[in-house]
Amino acid sequence: MITACKKFGLVLAGIICAAVLLLPGCGPEGGASPDEDASLRLRIGTPMKVRQANPLADYSYSVFAMLATHETLVRFNSKMEPVPQLAASWTSSRDAAQWTFQLVDNAFWHDGRPVTAADIKFTFEYVAAHHSASAWIRELIADIRVQENEITFFLKRPYSRFLINVGFIVRILPRHIWETVEDPLKPGDANVSMGCGPYILDRFDPRDGRIRFIKNERYYGPEPTMDTLDIRTHMT
C-alpha cells in the first residue's frame, strides 16, 4: 500500500514535471525584487520533509531527484508510451528475456564526465547489493553485459514489463562517485546528489527547508522551461 506521503510525492512529481518540461515560456512576474534577474523560476511549497540530499537514503529527496537531477534509461510520454531518455533505442528478444539498450552519446554527468554503459551496469549492481527496496533486481536479472555504448540485460525469466520496472524506475548513478561509497546511508563527503539530468542541485539547507536546483546548461535533452526550481519543504 502506498502511504499518504508517497501519494503526495507522486502528485507533486507530476506537477513539477508539467511545469518544468511542458509549460510554454513566460516572463517573470511583475514587481520582482531587485536581487532577482529575468530568469524563470518555479517556486513550490510542500509539507514533505527532506533530511539529506541523497536519492538512495531519503524518499522525499528522491522525488525531486527523479525530476531534476537523475535520469533513467527510458521515460513515458502523456500517452504512457516509452520514449528515449539515456537510451536512444532498445530491442528485446521474442520472449522478452533479453533486452539491449543503445545509449545516447551526448549525456554528461554534472561534473563533465560522459555517461557510459559502465555507469548503467554499476547502478543496477550497486542498488541491488545495497538498497533493500531493490532486491527484486537480483531476483529478475541474471547478467548484465556491456559493449562500448551498448548494454544488455539477461533476465532469469521473460518479463514484458521490463521497460517500466527497470527502464523507468531505476535512476542511473555516476560510478566514479558511488563506487567510493560503501554504505549509501552514510556517503560521507561524496557528491551523491550529482546526476546527469536537466538540473543541478545548487542549494540544500535542511534547517530552513530550502532546496534550489539550477538549469544544467549542458543537458543533452530538451531544454527545460524553467531556469530555477526553488522548493520550500515542510510547509503547512
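This report describes two sheets and two nonpolar cores in a predicted model.

**Sheet with strands 4, 5, 7 and 6**

Four strands, in the order 4-5-7-6, make up an open sheet whose pairing is antiparallel. Strand 4 (87-92) and strand 6 (141-147) are its edges; each has a single partner strand, so one side of each is left without a neighbour in the sheet. From one strand to the next the twist averages 15 degrees. Within this sheet, strand 5 (residues 98-103) and strand 7 (residues 150-155) run antiparallel and are joined by five bridges. Q102 has E150 in strand 7 as its bridge partner.

**Sheet with strands 1, 10, 9 and 8**

Another open sheet has four strands in the order 1-10-9-8, and here the pairing is mixed. Its edges are strand 1 (41-45) and strand 8 (199-205); each pairs with a single partner strand, so one side of each is left without a neighbour in the sheet. The twist averages 15 degrees from one strand to the next. Five bridges link strand 1 to strand 10 (residues 228-232) in the parallel sense, and R41 stands opposite T228 in strand 10. Helix 2 (residues 59-68) packs on this sheet, where it touches strand 8, strand 9 (210-215) and strand 10. The direction of helix 2 makes about 10 degrees with that of strand 9.

The table sets out the two sheets.

| Strand order | Pairing | Edge strands |
|---|---|---|
| 4-5-7-6 | antiparallel | strand 4 (87-92) and strand 6 (141-147) |
| 1-10-9-8 | mixed | strand 1 (41-45) and strand 8 (199-205) |

**Nonpolar cores**

In soluble globular proteins, nonpolar side chains tend to be buried together. The largest nonpolar core in this model has 43 residues, and F101, F124 and F153 touch the most other members. The elements giving two or more residues to this core are strand 2 (74-76), strand 5, helix 3 (117-130), helix 4 (135-140), strand 6, strand 7, helix 5 (162-168) and helix 6 (175-178). Helix 3 supplies the largest share, seven residues.

Which residues are in contact with F101, leaving aside its neighbours within four places in sequence? They are L73, V74, A87, S89, W90, N149, E150, I151, F153, F162 and L163. The list includes F153, which is also among the core residues that touch the most other members, and E150, the bridge partner of Q102.

Another core lies apart from the largest one and has 18 residues, including L42, I44, V50 and V63.

Conventions:
Residues numbered from 1 in each chain as written. Predicted model: local features only at pLDDT ≥ 70, side-chain atom pairs only at ≥ 80, totals over all residues. Heavy atoms only, no water. Pairing = 2+ DSSP bridges. Axes fitted to C-alpha atoms, helices over the stretch in contact; angles between N-to-C directions. Core = buried A, V, L, I, M, F, W, Y, C linked by side-chain atoms within 4.5 Å. Buried < 20%, exposed > 50% of the residue type's maximum accessible area, 1.4 Å probe, protein only. Contact = heavy atoms within 4.5 Å.
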